[in-house]
Amino acid sequence: MSGVHIEYRIGRELADEMARLTAVQTNTLLRSVQNYMDGEIRDRFAEGKLWDDSPMPISKAAQAQGRQTLVDTGHLRDSYHVEVEGDAVVMGSDSQLALIHDQGAKAHTIYAKGGALKFSVPATGPRGGAKNAHVFVKRVDIPELPARPVVGVNPRNDREIAEELLDLIGRMA
């Protein structure tokens, strides 16, 4: 499977409390973690932060276009999902692009095999680019891409999740 995924399980400190709950109550707690982490991942894109709350390295494209790094069309952000699976919350993306941004990439060159690589680029000119133009090249130089992981549970998340779950458990009793 391509993409990037992590699994979050409830810590030992909450395990004893959760053992007293019904399956429905446990599922309610896991759904709370799911909603929290879904919001966290979306906030990281909006605020330009990595999973550990450090600032995201700004890309040249984002800097030139005056936008957030990793946010152009929203397709990458929208590829991330957070799901409850059994007794865990699983978060990640099945996108190959998400994996590349999560782990980074070394500079490399892609060569055309046989003919040429074909790219579609917006046409420019007096008609306002109604049609795309096609560019043919024999090679593409890909620059180094720093890792920009957005999926993960940092100490602040762990603390806030534990506080929320203990509050929910208290209200269930």
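This section describes the overall fold, one helix, the largest pocket and a few single residues.

The model is predicted. The protein chain holds 6 helices and 7 strands. Along the sequence, these elements follow the pattern β-α-α-α-α-β-β-α-β-β-β-β-α. The chain has 173 residues, of which 32% count as buried. Contacts between residues at least 6 apart in sequence were also examined across the chain. Of these contacts, 68% join residues at least 24 apart.

Helix α5 spans residues 96-103. Its buried residues are A98, L99, H101 and D102. Viewed down the axis of α5, these buried residues fall within an arc of 170°, so they line one face of the helix. The buried residues of α5 pack against four elements of the chain. Two of them precede the others in the sequence: strand β1 covers residues 4-9, and helix α4 covers residues 75-79. The remaining partners are the strands β2, at residues 80-85, and β3, at residues 88-93.

Both ends of α5 show local features. At the N-terminal end, S95 acts as a cap. A side-chain oxygen of S95 lies 3.1 Å from the backbone nitrogen of L97. Beyond the other end, just after α5, comes G104. The phi of G104 is positive, at about 80°.

Within α5, H101 deserves a separate description. H101 has a relative accessible area of 13%. This value is under 20%, so H101 counts as buried. Residues up to four places away in sequence are set aside in the list of its contacts. H101 then touches L70 and L76, together with the run L145, P146, A147, R148 and P149.

H101 also belongs to the surroundings of the largest pocket. This pocket has a volume of about 680 Å³. It is lined by 25 residues, and those closest to its centre are L70, L97, H101, L145 and R148. Among these five, L70, L145 and R148 are also contacts of H101. Helices α3 (60-65), α4 and α5 each supply at least two residues of the lining. By class, the lining has 13 nonpolar, 7 polar and 5 charged residues.

Three further residues are described one at a time. E47 is found in helix α2, which spans residues 23-47. Its relative accessible area is 46%, and E47 is partly exposed. E47 and Q68 are 21 residues apart in sequence. In space, their C-alpha atoms are 7.9 Å apart.

D53 lies in the loop between α2 and α3. Its phi is near 75°. This is a positive value in a residue other than glycine. At 26% relative accessibility, D53 counts as partly exposed.

G74 is found in the next loop treated here, between α3 and α4. G74 is buried, with a relative accessible area of 4%. G74 and F45 are 29 residues apart along the chain. The C-alpha atoms of G74 and F45 are separated by 9.4 Å.

Conventions:
Residues are numbered from 1 along each chain as its sequence is written. This is a predicted model: local features need pLDDT of at least 70, side-chain atom pairs count only at pLDDT 80 or more; totals for chains, interfaces and linings use all residues. Side-chain values use heavy atoms; hydrogens and water are left out. Buried means under 20% relative accessible area, exposed over 50%, partly exposed in between (1.4 Å probe, protein chains only). The arc is that of the directions from the helix axis to the C-beta atoms. Contact means heavy atoms within 4.5 Å. A polar contact is a pair of N or O atoms within 3.5 Å; within protein, one must be able to donate a hydrogen and the other to accept it, and residues adjacent in sequence count only if both atoms are side-chain atoms. On a 1 Å grid over the protein atoms alone, a cavity is a set of points where a 1.4 Å probe fits but cannot get out, and a pocket is an open set with protein on both sides within 12 Å along at least five of seven lines; lining residues have an atom within 4 Å of a point. Grid points are joined across faces, edges and corners, and a volume is the space filled by probe spheres set on the points. Ala, Val, Leu, Ile, Met, Phe, Trp, Tyr, Cys and Pro count as nonpolar, Asp, Glu, Lys and Arg as charged, and the others, Gly among them, as polar.
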